[in-house]
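Visitor: I am new to this structure and would be grateful for a formal, close look at one single part of it. Please choose one helix and explain what surrounds it.

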Amino acid sequence: GARTALQKHLDPLDKEVGISFMSDFNFALSAVLYKGFHHQVAGVRQRAMSLFGKLFQLHIHRDELGCFDITRDNLAYVAVLFTVSDKFRLELAESVGQRTHTRDDVLPLLLENKAVESNQARVLLLLLISGAVIYSDDSAKTKVLYTFLSQACDVFKDVYPIM
């Protein structure tokens, strides 16, 4: 299929990001595309935001889910959108009836979700959020990401030492 045709291009990316496109396609794609948010050209950043939103919606429609149901397949896109979009974060919180004013209020929605029950999903989520810390150029956003990682340390006690 499509994977075979792109194999020679995806193998170097698998090696670069440390996540396999074969076994963790959504996380690997998110890790590579996340760089678009830190491009010097604003248009690239806007297209990256649009692309992540479309990828998230694609999974929602394909799996016939509610607007903000989080699954293992869309977890990577949720994690990225959570780190870059206040609008997405607020809509996520409102979808579960939570009134919130800060990103910190939404952290339990990601940490305690069924989509992150496996250690593999937890490690991938933490890798993606850790990568967001590296690229963050906003002190408020960096604080939120460190708060997320700190809370994840408490919730994912069996995984965090691996990180």
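Guide: What follows is a walk around helix H4 (75–84).

The model is a predicted one, in which local features need pLDDT of at least 70 and side-chain atom pairs count only at pLDDT 80 or more, while totals for chains, interfaces and linings use all residues. Residues are numbered from 1 along each chain as its sequence is written, and side-chain values use heavy atoms, with hydrogens and water left out.

The setting comes first. The chain has 8 helices and 0 strands; here helices are DSSP runs of H or I with at least four residues, strands are runs of E with at least two, and both are numbered from the N terminus. Of the 163 residues in the chain, 43% are buried. Buried means under 20% relative accessible area, exposed means over 50%, and partly exposed lies in between, with a 1.4 Å probe and protein chains only. Contacts (heavy atoms within 4.5 Å) often span the sequence: of those between residues at least 6 apart, 49% join residues at least 24 apart.

H4 itself is mostly covered, with 10 of its 10 residues buried. Among them are Leu75, Tyr77, Leu81 and Phe82. These buried residues pack against H2, H3, H5, H6, H7 and H8.

Leu75 leads into the largest nonpolar core. A nonpolar core is a set of buried Ala, Val, Leu, Ile, Met, Phe, Trp, Tyr and Cys residues joined through side-chain atoms within 4.5 Å. This core has 45 residues, and Leu75 is listed with Phe56, Leu125, Phe148 and Phe156 as having the most contacts inside it. Two or more of the core's residues come from each of H2 (25–33), H3 (42–62), H4 (75–84), H5 (86–95), H6 (107–111), H7 (119–135) and H8 (139–155). Beyond its neighbours within four places in sequence, Leu75 touches Phe27, Ile70, Ala115, Val116, Ala121 and Leu125. Of these partners, Phe27 belongs to helix H2 and is buried at a relative accessible area of 1%. The C-alpha atom of Phe27 lies 6.9 Å from that of Leu124, although the two residues are 97 apart along the chain.

Just before H4 comes Asn74, in the loop between H3 and H4. Asn74 is buried, with a relative accessible area of 0%. Apart from residues within four places in sequence, Asn74 is in contact with Phe56, His59, Ile60, Leu65 and Asp69.

Aromatic rings form a further link. Rings of Phe, Tyr and Trp (its six-membered ring) pair if their centres lie within 6.5 Å; planes under 30 degrees apart count as stacked, over 60 as edge-to-face and the rest as tilted. By this rule there are 5 aromatic pairs. One of them is the tilted pair of Phe52 and Tyr77, with 6.2 Å from centre to centre and 55° between the planes. This pair connects distant parts of the chain, since Phe52 is in helix H3 and Tyr77 in helix H4, 25 residues apart. Phe52 is buried at 0% relative accessibility, and Tyr77 is buried at 1%. The rings of Phe56 and Phe88 are edge-to-face, because their planes stand at 85°, with the centres 5.4 Å apart. That pair joins helix H3, through Phe56, to helix H5, through Phe88, across 32 residues. Phe56 and Phe88 are both buried. Phe52 and Tyr77 also share one aromatic cluster with Tyr34 and Phe37.

Finally, Leu81 of H4 takes part in lining the second largest pocket, together with residues that include Met49, Phe56, Phe68, Phe88 and Glu91. A pocket is found on a 1 Å grid over the protein atoms alone, as an open set of points where a 1.4 Å probe fits, with protein on both sides within 12 Å along at least five of seven lines; lining residues have an atom within 4 Å of a point. H3 and H5 each give two or more residues to this lining, and H3 gives the most, with 5 residues.
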